[in-house]
Amino acid sequence: MNFLAATALLVVGPEDAFWLLVALTEGYFHESYFDESLSGAQADQEVLKELLEQKVPALTKHLEMTSPRWTDHCTPTHRLDGALATSDRTGRKCHQTRRAS
């Protein structure tokens, strides 16, 4: 979403960019996509993983050797005290984005 927001801000003002994101998230994504468990996002990760396994098995093998939990980097799936974070294969935190209160 950050890429969409940044691109929108290059073309329109902040308020129009905000309403564009609202329209996209409410019109395109199912409500489960952004709920507490992010179940919709996790379902999309599984679909992506299965499609890659079927269509590009060499890439899937490479990704799993590089990072066994590579789908964690597709969308934020770890929630820690109001923060979204992912970890690399050693378990160290790669990045963390604080949600605005």
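These are my notebook entries on a predicted model of one protein.

**Overall layout**

I began with the secondary structure. I count four helices and three strands in the protein. Along the sequence I read the pattern as α-α-α-α-β-β-β. I then looked up burial. Of the 101 residues in the protein, 24% are buried. The protein exposes about 7700 Å², and carbon and sulfur atoms supply 59% of that area. Next I checked contacts with a separation of 6 or more. Residues 24 or more positions apart account for 20% of them.

**Helix 3 against helix 4**

I turned to the packing of helix 3 and helix 4. Helix 3 runs over 39-55, and helix 4 covers residues 57-66. Two packed helices are described by the angle between their axes and the distance between the axes. For this pair I noted an angle of about 125°, with the axes 5 Å apart. The angle falls outside 65 to 115 and is not over 145, so I class helix 3 as oblique to helix 4. I listed the residues that make the contact. Helix 3 contributes Lys49, Leu52, Glu53, Gln54 and Lys55. Helix 4 contributes Pro57, Leu59, Thr60, Leu63 and Glu64.

**Threonine 60**

I picked out threonine 60, which lies in helix 4. Is threonine 60 buried or exposed? Its relative accessibility is 5%, so I enter threonine 60 as buried. Leaving out residues up to four places away in sequence, I find that threonine 60 touches Leu52 and Glu53. Both Leu52 and Glu53 are among the helix 3 residues in the contact with helix 4. I also checked threonine 60 against tryptophan 70. The two are 10 residues apart in sequence, and their C-alpha atoms are 9.4 Å apart in space.

**Salt bridge**

I searched for salt bridges, and the count comes to one. Lysine 49 pairs with glutamate 64, and the closest N and O atoms are 3.9 Å apart. Lysine 49 lies in helix 3 and glutamate 64 in helix 4, so the pair ties together parts that are 15 residues apart in sequence. I looked up the accessibility of each partner. Lysine 49 has a relative accessible area of 23%, so I enter lysine 49 as partly exposed. Glutamate 64 comes out at 32% and also counts as partly exposed.

**Loop between helix 2 and helix 3**

I moved to the loop between helix 2 (14-28) and helix 3, where phenylalanine 34 lies. Leucine 38 is placed in this loop too. I checked the backbone of leucine 38. Most residues other than glycine have a negative phi. Leucine 38 is not a glycine, yet I find a positive phi of about 55°. I also looked up burial for both loop residues. Leucine 38 counts as buried, at 10% relative accessibility. Phenylalanine 34 counts as partly exposed, at 41%.

**Nonpolar surface patch**

Which residues form a nonpolar patch on the surface? I find Met1, Leu4, Leu20, Leu24 and Phe34. Together they have about 420 Å² of accessible area. Phe34 brings the loop between helix 2 and helix 3 into this patch. Patch members need over 30% relative accessible area, and phenylalanine 34 stands at 41%.

Conventions: Residues numbered from 1 in each chain as written. Predicted model: local features only at pLDDT ≥ 70, side-chain atom pairs only at ≥ 80, totals over all residues. Heavy atoms only, no water. Patch = residues over 30% accessible without salt bridge, like charges linked within 9 Å, V, L, I, M, F, W, Y side chains within 5 Å. Areas by Shrake-Rupley, 256 points an atom, 1.4 Å probe, with all protein chains shown as cover. Salt bridge = Lys/Arg side-chain N within 4 Å of Asp/Glu carboxyl O. Helix = DSSP H or I, 4+ residues; strand = E, 2+ residues; numbered from the N terminus. Buried < 20%, exposed > 50% of the residue type's maximum accessible area, 1.4 Å probe, protein only. Axes fitted to C-alpha atoms, helices over the stretch in contact; angles between N-to-C directions. Parallel < 35°, antiparallel > 145°, perpendicular 65-115°, else oblique. Contact = heavy atoms within 4.5 Å.
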